[in-house]
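Colleague: I am new to this model and would like a close look at one part of it. Please start there, then work outwards to the rest.

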Amino acid sequence: MHRMMYKIDTPHLYIRDGVYYFVRRIPVDIQSYYSSNRISFSLKTKSLATANRAIKSINQRLDDYWLGPRLQKIDIPAISVLKIDGLSDSDNSPTLSDALSLYLSLKGAGKDKVFVRTANRNIEYVIQVLGDKPIASYSSSDAAKFRDWLIDKGMNIKTVKRVFSSVRAIVNIAITEKGVDCINGFAKTYFPEEINVSERKPISIEAIKYIQKLCR
């Protein structure tokens, strides 16, 4: 017999037997994509602080994911000026691969192979997920999709942030050097906090004394 689940003050957060759960009703306009009208699963933690961090991350990812189906249901603004590949004729900003070449020509002089290899790898990641498009055409939702892909790939948040820092720098150089009037789509991406990251505890004085005694 299932025990009762109790609501916590934090939205979408419940507790049962001391364990926290995520419970959220699926919006009506998205329900056709699901076999149930709500999402419910255990966060596998008894820590309220950890649960609250997890809730923020999960809600953000759900909202980002649900944006896609919602956009598919609305008319595309100014569809008459779109090219077949979805890019406007007026977008003459450099492609991401061109931005990379410019970045390496300006910043790569005197740098080691790791610098060049890292920049190339990070841009290859973006192109693999989003395509090699003019830099002005990358949106914040594209960046969110890229972030989720990196996380799903198994990268921790610190690594994901480093990748984004590299991509932002490459795009910024192209914007500045080419005088492109656009916003860097990778500039203000939300990053969830790490969950269940264990903290390294200091070695106790007793342990140090014991080790010193053994070494005498």
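In what order do the four strands of the open sheet stand, and with what pairing?

Modeller: The order is β1-β2-β3-β4, and the pairing is antiparallel. Keep in mind that this is a predicted model.

Begin at the borders of the sheet. β1, residues 6–7, stands at one edge, and β4, residues 38–42, stands at the other. Each of these edge strands has a single partner strand, so one side of each is left without a neighbour in the sheet.

Now move inwards. Strand β2 covers residues 13–16, and strand β3 covers residues 19–25. They run antiparallel and are joined by four bridges. For one facing pair, find Ile 15, which stands opposite Tyr 20 in β3. In general, strands of a sheet pair through backbone hydrogen bonds, either parallel or antiparallel.

Two loop residues here deserve a look. His 12 sits in the loop between β1 and β2. Its phi is near 70 degrees, a positive value in a residue other than glycine. His 12 has 24% relative accessibility, so it counts as partly exposed. Lys 44 lies further along, in the loop between β4 and α1. The phi of Lys 44 is also positive, near 55 degrees, and again the residue is not glycine. Lys 44 is exposed, with a relative accessible area of 74%.

Past that loop comes helix α1, residues 48–72. Helix α1 lies across β2, β3 and β4. Its direction is at about 25 degrees to β3.

Next, the wider layout. The protein has six helices and four strands. From the N terminus on, the elements run β-β-β-β-α-α-α-α-α-α. Of the 216 residues, 33% count as buried. Take the contacts with a separation of 6 or more: residues 24 or more positions apart account for 58% of them.

Now turn to the helices. Two packed helices are described by the angle between their axes and the distance between the axes. Take helix α3 (residues 113–130) and helix α5 (residues 157–178). Their axes come within 9 Å and cross at roughly 90 degrees. That makes α3 roughly perpendicular to α5. From α3, the residues that meet α5 are Ala 119, Asn 122, Ile 123 and Val 126. From α5, Val 163, Ser 166, Val 167 and Ile 170 meet them. By class, this contact of α3 with α5 has six nonpolar, two polar and no charged residues.

Helix α3 also packs on α4. The axes of α3 and α4 come within 10 Å and cross at roughly 110 degrees. α3 and α4 are therefore roughly perpendicular to each other. Asn 122, Tyr 125, Val 126, Gln 128, Val 129 and Leu 130 are the α3 residues in this contact. They meet Asp 142, Lys 145, Phe 146, Trp 149 and Leu 150 in α4. By class, the contact of α3 with α4 has seven nonpolar, two polar and two charged residues.

Look at Asp 142. It is found in helix α4, residues 140–152. With 16% relative accessibility, Asp 142 counts as buried, because buried means under 20%. Leaving aside neighbours within four places in sequence, Asp 142 is in contact with Leu 130, Lys 133 and Ser 137. Asp 142 and Val 126 are 16 residues apart in sequence and 9.5 Å apart in space, C-alpha to C-alpha.

Finally, the cores. The largest nonpolar core has 32 residues. Those touching the most other members are Val 126, Ile 135, Phe 146, Leu 150, Phe 164, Val 167 and Phe 186. The elements that give two or more residues to this core are α2 (96–107), α3, α4 and α5. α5 gives the most, with 10 residues. Val 126 touches Leu 96, Gly 131, Tyr 138, Phe 146, Val 167 and Phe 186, not counting residues up to four places away in sequence. There is also a second, separate core of 13 residues, including Phe 22, Ile 39, Leu 43 and Leu 62.

Conventions:
Residues are numbered from 1 along each chain as its sequence is written. This is a predicted model: local features need pLDDT of at least 70, side-chain atom pairs count only at pLDDT 80 or more; totals for chains, interfaces and linings use all residues. Side-chain values use heavy atoms; hydrogens and water are left out. Buried means under 20% relative accessible area, exposed over 50%, partly exposed in between (1.4 Å probe, protein chains only). Contact means heavy atoms within 4.5 Å. Axes are lines fitted to C-alpha atoms, for helices over the stretch in contact, and angles run from 0 to 180 degrees between N-to-C directions. Angles under 35 degrees count as roughly parallel, over 145 as roughly antiparallel, 65 to 115 as roughly perpendicular and the rest as oblique. Ala, Val, Leu, Ile, Met, Phe, Trp, Tyr, Cys and Pro count as nonpolar, Asp, Glu, Lys and Arg as charged, and the others, Gly among them, as polar. Two strands pair if DSSP finds at least two bridges between them. A nonpolar core is a set of buried Ala, Val, Leu, Ile, Met, Phe, Trp, Tyr and Cys residues joined through side-chain atoms within 4.5 Å.
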